[in-house]
Structures are given as structure tokens and as C-alpha cells.
Amino acid sequence: MPADPSLPHKAPEGTEAVVVGGGIAGVSAAVVLAERGVAVTLLEAAPTLGGRLGAWPHTLPDGTEQVVEHGFHAFFRHYHTWRALLRRIDPELGFLRPVDGYPVISRDWPDEDLTGLPGNPPFNLIALFARSPSLGLRDLLRSRQSLAAELLAYDRVRTTARFDHVPAARFLASLGMSDRAQAMLFEAFARSFFAHPGALSAAELIAMFHYYFLGNPHGIGFDAPATDHRTAIWEPFTAYLEKLGAQVRTATPARVITPADGHRWRVELDDGALLTRHLVLATEPPALRALLAASPQVAAVAPRLVSKAAALPVAPPFAVTRLWLDRDVAPHRATFNAVSRERTLDSVTVYSRLEEPSARWAARTGGSVVELHSYACSAPDADSASARMRAELAQLWPETADAGVLHQQQRMEATAPSFPPGGAASRINVTGSCRGLRVAGDHVTTPFLTGLMERAAATGVLAANDVFAEVGAAPEELRGGPQRGLLAGLLPRRR
């Protein structure tokens, strides 16, 4: 989506906007707007920016301060929009480091290492078949090849029409591949989108398989910050926005929004109200539902948005437990590990091998810092989730069974979006609900293929671009990858 050099770069003097939500989507919108001279007020209900990428200080029993987060996030190399925004605060992206490996681990089968595959299809698939212990020629020959070909034939219209109503678990079972191949490759991938495979649309699975594996030259290569997210991302973004004249107001929830005269919006706060012609709602799904439910007058001007938001599906809770152990894990353990077929545990990250603050603590104490993550957790509470994940880790990594836990920090919340079977038609768009109101976030659909952090960043920029379109300024350029699979257009239209 190119820029337009025939239009002015700056917004007209006096243009202002209010952005509700200080996660990736909201900060992306605020940055692009503020760079063009828009007077931006960014409102965030939490004490810190970041949303599900947020970070906050935590004091350990020994008195040292650590910054903890909502869980490990992979900064994939084809996140063009998000990386372009991060270059505003670090032009060389020097805070990112390659993560050494991407194994899928299981107590039932040997590790499946997805490290170092070629980026471009079909060479990545050929390499996967050549070296994978889980997916071999026998699987290919006995698979339902016409269905397996759909993974290489992503086309938004066709794939959605054929597979949106199909649960991903049914689609994977229908492939006819071995249980091992399903568990070690496809199910672990599906769960990383905060859903059990039975509660995820097969169309979304196919789309994400294309986006993360087949449809970009980087494959599944990713990086991670060398320090905590607060230091690397959110403090620099706050300073950057304030330098541009934006107001960044944390611990400031928007309580009610109402249409006002002159095509404006009134945003009610605990300590007053704001009036704006340009409002961006960049909250997480539960917060969007709650805000619109508390704002009954919005239904008169944006009935479809209100009805969609009321039915917005939210994923099961995700649980994150960080452990400060009295000893290190085995030297051969990878920094990040996807986990297959455990009841609760979906990934393990050795933070003392990932980020500098944790590494310094481990070097000083002789211990290690390990994070356990459950993406779609069925445990009733955070204590139960931690206990389950700890027990499952001991089965996978026996050296942790007798390790002493010097400290534990845990969190469990349900704020991620869900993409259930049959839900494509009900997804929310960035624009089109009514004049002056835009919606952004990783639950919002984009006109080109995106996922997770990139979807959040792209919707934020698209919301800013809609403001620019209204005031006559040039849009911000957006870049993406191939929008169709290798076999798109070659497969039959009907089953």
C-alpha cells in the first residue's frame, strides 16, 4: 500500500486525535499520526504501555528488581510494519538478537528442530521433508494429498469460503498424516494462536501457515529483545511520542464514548472529558466490548460495530509463570522451546539465556530464569496453571524436578482474540463503522494478510491512514508479503 507523493505529507494544522489503548496498535497509530503533525492524546488504562507486550517492574525477595512481561514474543523478520515502527526508536534494531533455534519438544517423541530451514518455498518444504523425523515420505504418500495441497494454495476468498466453518483439528485429522506429524508440527503451531485446534478456524490455520512459513522469504526466523520490553520498547516510544508533542497518559481508562456535535466524539475519563474529531479504539477485545457496552449512544451511529463488538470472541486465558531457580537447566537446552501434547504447558523460554537482566541475575546467583507459557489454558486459576506447568516441565527436563524455586511470578488473563470456526464474516474492520471512529488491534481484520503483532501494528497504521484520508494528507506506506500460495488458482474450486 504505497504512499502518495502528490498529497501533502503533513496533516493540516490543528488536526488532533485521541487514541484509546497503548498497546502495539495504539502506539503504532499514535506514532504515525504524531509524526505528521497531528496533536495526539494516547490513553492507556494500565500503569504501563504495551498491552500483551507490556512489561512492569517486579522486586525479588533478595531486593533486586526485575522487569517481567506477559510472556515471550517472537519478533518475526517479516513483520514489516512493526519493524518499521521499531526503527523509529532504534534505526538499526540493535536491541533485537536472533534466537538460537526453534525446537518442538515432547515427552513422546524426539525433538523436532525447525531451525535453519530455507526461507523461500518450496525449498523450505523440501528441506522439512528431507530432515524432519516427524514428517517423511510415508506421511506424504498416505496423506490426503488434495487436502494437504490446500496448505500451499492459500487464497483469501477461496480459503475462507471452503474452510472457515471447519475446525482446525478436523482439518488436521483429515490430512491423514501420522499422529506424530500432527502433534510435532501442526498442533504446536495452531496452539500458538491462543486456541485449541478444535476452536480455531481451519481457514485461519491455513492463512497463518502461509503467512509464517510459506509466504515470506524469512520463513520462521525470528529475533527477540536482548533486554526487557520496557527498556527496549516502551520507554523509548514514550520519549519519542512526547518529543513529537503527543500526550501519553497511562493509568487513564476511557469510561464512555459518545457522539458529539460537529462530527466529534466525547471521551469520558475519571478526571474529565476529551473532545476529538478523530478517535481510534485500539483496546483488547474485552476492553472494547466493555467500553461500547458502557456507551449506549454509539449504537445509534455505529450499530454494526456495536453488535460485532458485543459478540467478539475472546480466547481462553493464557497463563505465564516465571521461575527463578537455584540452578541452571542443562546446557543443551534451547532458549525457546515449543511444547507438544502436554495438558497445560505450550512453551518454555530460558530467559537467563535470552535477556541481559535475567542473565546477570543468573550469573550472580548460579541459578536460571525460566518462563512457562500456556497459550489456551484450561486450569481454573494461576496457581493451578503454575503447578501443572511445573510438573510437566519436570517430565520434559528432568534436571528441573529437584530445582529449588527461589521466586515465582505468575499471571493468568483472557485478553487475546479468538478466530473460531465460522467467524470470518463477523470480524471487525478498521474503518467503515461511522465517521471519525476507527478500530485497531490484533482482533481487527486487515485487507492484506497479517498476524499477531504485525496485525496489531498494521491496523494502527491503517487507522492513522484513514485520518489522513479525511484531512487530505498522504497515507503512510505499508508493506506485506505474497498474498496467495504457490498453488493458488490451480486447485479445483469445489471439493
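**Exercise 1. A strand and its surroundings**

Find out why strand β2 (residues 39-43) counts as largely enclosed by the rest of the structure.

*Solution.* Keep in mind that you are looking at a predicted model.
Step 1: A residue is called buried if its relative accessible area is under 20%.
Step 2: Four of the five residues of β2 are buried, so the strand is largely enclosed by the rest of the structure.
Step 3: Now look for a partner. Strand β1 (residues 16-20) pairs with β2 in the parallel sense, over five bridges. To see this pairing in the model, find Val-18, which has Thr-41 of β2 opposite.

**Exercise 2. Two helices side by side**

Describe how helix α1 (residues 24-35) packs with helix α10 (residues 229-243).

*Solution.* Step 1: Two packed helices are described by the angle between their axes and the distance between the axes.
Step 2: Here the axes come within 10 Å and cross at roughly 30°. Angles under 35 degrees count as roughly parallel, and that makes α1 roughly parallel to α10.
Step 3: For the handedness, note that α1 passes α10 in a left-handed crossing.
Step 4: Who makes the contact? On α1 the residues are Ile-24, Val-27, Ala-30, Val-31, Ala-34 and Glu-35, and on α10 they are Trp-234, Phe-237, Tyr-240 and Leu-241.
Step 5: Sort them by class, and you get nine nonpolar residues, one charged residue and no polar ones.

**Exercise 3. A sheet with β9 in its order**

Work out which strands stand at the edges of the sheet β5-β9-β6 and what that leaves them without.

*Solution.* Step 1: This is an open sheet of three strands with antiparallel pairing.
Step 2: β5 (75-76) and β6 (96-98) each have a single partner strand and stand at the edges, so one side of each has no neighbour in the sheet.
Step 3: Check one pairing. β5 and β9 (residues 222-225) are joined over two bridges in the antiparallel sense, and Phe-75 has Asp-223 of β9 opposite.

**Exercise 4. Your turn with another sheet**

Do likewise for the open sheet of three strands ordered β11-β12-β13.

*Solution.* Step 1: The pairing in this sheet is antiparallel.
Step 2: The edges belong to β11 (256-260) and β13 (272-276); each has a single partner strand, so each has one side without a neighbour in the sheet.
Step 3: On average, neighbouring strands of this sheet are turned by 25° against each other, direction ignored.
Step 4: β12 (residues 264-269) runs antiparallel to β13, and five bridges join them. Among the facing residues, Glu-268 stands opposite Ala-273 of β13.

Terms used: Residues numbered from 1 in each chain as written. Predicted model: local features only at pLDDT ≥ 70, side-chain atom pairs only at ≥ 80, totals over all residues. Heavy atoms only, no water. Pairing = 2+ DSSP bridges. Axes fitted to C-alpha atoms, helices over the stretch in contact; angles between N-to-C directions. Parallel < 35°, antiparallel > 145°, perpendicular 65-115°, else oblique. Left-handed = near helix turned anticlockwise from the far one by under 90°. Contact = heavy atoms within 4.5 Å. Nonpolar A, V, L, I, M, F, W, Y, C, P; charged D, E, K, R; others polar. Buried < 20%, exposed > 50% of the residue type's maximum accessible area, 1.4 Å probe, protein only.
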